[in-house]
Amino acid sequence: MAKILLVDDAAFMRMMIKDTLSKNGYTDLYEAGDGAQAVEKYEEINPDLVIMDITMPNMDGLEALKAITAKHADAKVVMCSAMGQEAMVIEAIKLGAKDFIVKPFKPDRILKTVSAVLPQA
């Protein structure tokens with residue numbers, strides 16, 4: 001089963017994504033509360049996929065994406081953004097993000113994105 005790292009400073013957002021994924025068979029789920037924690041956790045668990053918010057304290061999602069892809073060019077990272085952050089989404093794609101999800105999102109959008117980005121078992 002794929003290891004998925006959920007990164008958002010809002011615990012309720014991590015919980016919502018985690019709940020959606022766990023109800024659909026994804027059980028190897030990890031969490032980080034900001035970009036710096038995400039970089040550390042990535043090194044620790046080497047996840048198959050990262051779902052990461054762009055706007056966070058300490059280290060934002062774009063800086064964390066840069067740090068992760070600098071060491072792991074094949075990292076699969078999906079960015080989450082609020083409406084009105086199109087410039088940041090474009091920057092994230094240029095930095096190597098595989099896809100993005102615009103908040104507020106529905107469970108089926110999360111599942112479609114995860115299944116599109118992860119290799120099929």
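**Entry 1: Thr20**

I began with Thr20 and listed its contacts beyond four places in sequence: Thr20 touches Pro107, Ile110 and Leu111. The model I am reading is a predicted one. I then placed Thr20 in its element, helix H1, which covers residues 11-22. I also looked up its accessibility; Thr20 has a relative accessibility of 7%, and because the cut-off for buried is under 20%, Thr20 counts as buried.

**Entry 2: the annotated span**

I consulted the UniProt record next. An unreviewed entry there lists residues 3-118 under "domain: Response regulatory". I checked this span in the model: it is 47% helix and 22% strand, and the C-alpha atoms at its two ends lie 10 Å apart.

**Entry 3: the nonpolar cores**

I asked which members of the largest nonpolar core touch the most other members. They are Val7, Val50, Met52, Leu65, Val77 and Met79, in a core of 21 residues. I then noted which elements supply at least two residues each to this core: strands S1 (3-7), S3 (49-53) and S4 (77-82) do so, as do helices H2 (35-45), H3 (61-71) and H4 (86-94). Another core, of 19 residues, lies apart from this one; I recorded Ala2, Met13, Ile51 and Val117 among its members.

I returned to Leu65 for its individual contacts. Leaving aside residues up to four places away in sequence, Leu65 touches Met52, Val77, Met79, Ala92, Leu95 and Ala97.

**Entry 4: S4, H4 and S5**

I looked at how S4 and S5 are arranged. The two strands pair in the parallel sense, over five bridges. For Met79 I found the bridge partner Phe100, in S5. I followed the chain through the helix as well: S4, H4 and S5 make a β-α-β unit, and I recorded its hand as right-handed.

**Entry 5: Lys103 and the bond that follows**

I turned to Lys103, which lies in strand S5. Is Lys103 buried or exposed? Its relative accessible area is 16%, so Lys103 is buried. I searched for a polar partner and found one in Asp8: the two side chains make a polar contact at 3.0 Å. The list of residues that Lys103 touches, again without those up to four places away in sequence, includes Asp8, Met13 and Asp53. The list also contains Cys80, Ser81, Ala82 and Met83.

I then examined the peptide bond from Lys103 to Pro104. This bond is cis, with omega near -5 degrees. Pro104 itself is placed in the loop between strand S5 (99-103) and helix H5 (107-117).

**Entry 6: positive phi at two asparagines**

I checked the backbone for residues with positive phi that are not glycine, and I entered Asn46 and Asn58.

Asn46 has a phi of about 50 degrees and sits in the loop between H2 and S3. I looked up its accessibility: Asn46 stands at 46%, and because partly exposed covers the range between under 20% and over 50%, Asn46 counts as partly exposed.

Asn58 has a positive phi of about 65 degrees, and its place is in the loop between S3 and H3. How exposed is Asn58? Its relative accessibility is 72%, so Asn58 counts as exposed.

Definitions and conventions. Residues are numbered from 1 along each chain as its sequence is written. This is a predicted model: local features need pLDDT of at least 70, side-chain atom pairs count only at pLDDT 80 or more; totals for chains, interfaces and linings use all residues. Side-chain values use heavy atoms; hydrogens and water are left out. A nonpolar core is a set of buried Ala, Val, Leu, Ile, Met, Phe, Trp, Tyr and Cys residues joined through side-chain atoms within 4.5 Å. Buried means under 20% relative accessible area, exposed over 50%, partly exposed in between (1.4 Å probe, protein chains only). Helices (H or I, at least four residues) and strands (E, at least two) are DSSP runs, numbered from the N terminus. Contact means heavy atoms within 4.5 Å. UniProt positions are given in the numbering used here, feature names are shortened, and annotations may be inferred rather than shown by experiment. A polar contact is a pair of N or O atoms within 3.5 Å; within protein, one must be able to donate a hydrogen and the other to accept it, and residues adjacent in sequence count only if both atoms are side-chain atoms. Two strands pair if DSSP finds at least two bridges between them. A crossover is right-handed if, with the strands pointing away from the viewer, the path from the first strand over the helix to the second runs clockwise.
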